[in-house]
Amino acid sequence: MPPSHGHPAPGVEAVPPPMPSGAPESGPPLADWLRLPRPEALPGVWRCAHEPRSPEDPERIPARQLISGAVVSFLIGWLLWSLLWNGYLGSFWLWPLFAMTPDAVGTGARTFISYGYYTLVGVVLIVLFGRIGRWDELGRRILGRLRGGKRKRGSGEADVSAPHRPAKPVPQPPPHLDPVEWPELRSGGAAEAADRLAAELRSGRMTDVDHARIERAWKSVRTRPQRLASFIESVRAKGAAACGHPSGARDLPLRAARHDLSLRQVRIGTAADAERNPHEYRGAGIALDPSLLGTSALAVGPPGTGKSSRLARPVVESLCLQALAGQASVLAVSPSGARFVPDESFDVVIRLGHPDSTHDLDLYGGTSDPDEAAGMLAEALVGDLAANLPGGDSRRAATCLAQLIGPFAAVHGCFPAVPELRELLDGTPAAFDQLREKLQEAGQGAQLRELDAYERQSGRTGDIAALLGDRLALLDRPAFADFFQPEGGPARAGARRAFSPRAMEHPVRVRIDLPERAHAEASRILARLILAQFTECAAGRGDQSLFACLVLDDAAQTITPQALRGLQRLRSAHAGVLLTLRALDDVPEPLRGPLLGAVGCRMVCAGVTPWDAERFAEVWGTEWVQTRTVTNRQLVSDEPVTRILHAVRRLATGKYVTAESVTVRSEQRERWSASDLANELQPEHAVLSLTTVRGERTPPILTKLGTD
């Protein structure tokens, strides 16, 4: 069913959809934008109006050699013509003219024939020396460079302030292929709806978000034909606002990147036109979409290199637009005060530890299973210490928490709040006695055995309850007193509405601000909790038609063995995670290699340390290249005449006479060495490799981040 017919996502209020602010400045830009060609391209290429490069010519002459050859051939041709014209070479070239000109021809005709012959000889010389100097190829290169410069300037002037305005008029295709006429709706029996939508589009009352949202709704109609009548009725009543998002929004208040919602792409930069890049990518736009983000992504670089402003923000912005179109759901997590997407672009904004926050975070991920809740909470509390825990992971901690959470939920009907769970972990006698009495009164024998098992283990060597209690104390602070209230607990006046990643079955846009400055360690615990809840809930969704994505800006100390296992499950669950790190030092040493192997898209920004660069160089591996080795050796001759000539040449040049030998061989070299990544990357540049959910991979691509 289209998004407007479903239940609103938690924390989203339905309001009447606003109309666009005004008509377009000139013409229908959306119509022209929809008609732009989008040819098939390699993964990561910005396809809107993309022009594939011509195949690389292995015999291509270098530009400097081509220019010098053209100049030399011109000078030789001009010299030969001058010698002929001035008679220095004799009159033999005029014999054909004398032989073909009758004696009875008048002076005027003779002059005309003579100059015609001179012109013919000049043209022959031009053609001859033009072919020798390859003037035609030089001309094509100059014209191609001029056209490329104009196209680049034209593309750079558009698409930021006016995302749908093409650089030049686009020819109108036939009606049965024109996307403005909605041919799919007409062929599917919704001609009336197609007429209404085409009129809305031509009048300028439709946005690209409206177009993508209605296309998404139509796909659901094609899978379930019984929805056709309600779809037509919605279009008849609301026009371009049909099948709207539950929030009523039809666009974002501000766009900082270039988007193509028809392909769900967002442009993040331009591949450098350099020999280090594959030929097909040189000069092409680089874009991300769900087929790439579905393999998860990692960006590493020091502050100020564009990880947040030129990667995370465009991705979040694109996912918010896709959520408005009913195609995706997004959860953006960043430190409080970070320059991120504005709050107005989200349905739910959670400011943990801030008294003005209108929403809360469910500590247990919205689950009713004590073991599942304990596993996610244990991952958050002690996941970063897994290497030092018994068993090498957090399973022992999860069992410990489950032995307390299960009995508590059995008698209270909800999971314990942070203060109540802390009392149980600290071993407070009153709390244990009260819980035991209630379990006995309720006849919960199985839960009593769980509690007894916990008490037998407490106080022994290797007991993890004390560590869990110490970590939980970081969340039991006055700033968090009104947060993390369990679902189903006692009603409180002014209680915030709790959010859990299970709501991401809906096209919801959520932002969570972490109190990084005041509560740094608590922020790390919460970041691990959100990552654990997202990977668990995204993989367990009943409806995985929406692409779910978590963008975790600054993922320091959040990567654990369990988190890596969760990342690997997301690819088949139509979900992904985007992580940014200042350095790989924020990840435990044993997990740095597995992290780079678990994500499909990797980016290293300018300014990384040689140690981080070495990890990426190792992951990207080597390739076969042909190398030319030039060797010069001095020539020594026993012949007197040759020795005299060598001596004269040495006297003239000041160098010994040498012979040059060239050796060509194939060898394996790193695609990008650690030294290149650490020292040669320019500011605002990055090297990235991409992988699709189908397994297609790209080599490392040198990219200039940002819009053109």
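## A walk through a predicted model

Let's start with one residue: leaving out residues up to four places away in sequence, D178 touches R35, Q172, P173 and P183. Keep in mind that this is a predicted model. Where does D178 sit? Look in the loop between α5 (135-157) and α6 (183-187). Is D178 buried or exposed? Its relative accessible area is 1%, and since buried means under 20%, D178 counts as buried. Its side chain has polar company too. The side chain of R35 makes a polar contact with the side chain of D178, at 2.9 Å. A polar atom of the D178 side chain also lies 3.1 Å from the backbone nitrogen of V180.

Now step back to the whole protein. There are 23 helices and 16 strands. The protein has 708 residues, and 48% of them are buried. Take the contacts between residues at least 6 apart in sequence: 76% of these join residues at least 24 apart. As for the outside, the protein exposes about 35,400 Å², with carbon and sulfur atoms supplying 53% of that area.

Next, two stretches from a database record. An unreviewed UniProt entry lists residues 70-95 and 115-133 under "transmembrane region". Here is how the chain looks over each stretch in the model:

| Stretch | Helix | Strand | Distance between end C-alpha atoms |
|---|---|---|---|
| Residues 70-95 | 65% | 0% | 30 Å |
| Residues 115-133 | 100% | 0% | 26 Å |

What about the inside? The largest nonpolar core has 98 residues, and the members that touch the most other members are L401, I512, L595 and L677. Apart from that core lies another one, of 46 residues, including V45, A212, C320 and A328. Back in the largest core, you can zoom in on I512. If you set aside neighbours within four places in sequence, I512 is in contact with L331, A332, V333, S334, I350, L352, L361 and I530.

Helix α19 is a nice one to look at end-on. Which of its residues are buried? In this helix, which covers residues 561-570, they are A563, L564, G566, L567 and L570. Seen down the axis of α19, these buried residues fall within an arc of 160°, so they line one face of the helix. And what do they pack against? Their partners are α12 (370-382), α18 (520-539), β11 (575-581) and α20 (589-598).

The loop between α19 and β11 holds H574, a residue with an unusual label to check. H574 is not a glycine, yet its phi is positive, near 55°. At 29% relative accessibility, H574 counts as partly exposed. C243 also has a positive phi, about 55°, although it is not a glycine. You'll find C243 in the loop between α9 (228-238) and β1 (258-260). With 0% relative accessibility, C243 counts as buried.

One last stop is P37, in the loop between α1 (29-34) and α2 (63-85). P37 and A49 are 12 residues apart in sequence, and their C-alpha atoms are 5.2 Å apart in space. Not counting residues up to four places away in sequence, P37 touches R47, C48, A49 and H50.

Conventions
Residues are numbered from 1 along each chain as its sequence is written. This is a predicted model: local features need pLDDT of at least 70, side-chain atom pairs count only at pLDDT 80 or more; totals for chains, interfaces and linings use all residues. Side-chain values use heavy atoms; hydrogens and water are left out. UniProt positions are given in the numbering used here, feature names are shortened, and annotations may be inferred rather than shown by experiment. Helices (H or I, at least four residues) and strands (E, at least two) are DSSP runs, numbered from the N terminus. Buried means under 20% relative accessible area, exposed over 50%, partly exposed in between (1.4 Å probe, protein chains only). A polar contact is a pair of N or O atoms within 3.5 Å; within protein, one must be able to donate a hydrogen and the other to accept it, and residues adjacent in sequence count only if both atoms are side-chain atoms. Contact means heavy atoms within 4.5 Å. Accessible areas come from the Shrake-Rupley method with a 1.4 Å probe; for residues, only the protein chains shown count as cover. The arc is that of the directions from the helix axis to the C-beta atoms. A nonpolar core is a set of buried Ala, Val, Leu, Ile, Met, Phe, Trp, Tyr and Cys residues joined through side-chain atoms within 4.5 Å.
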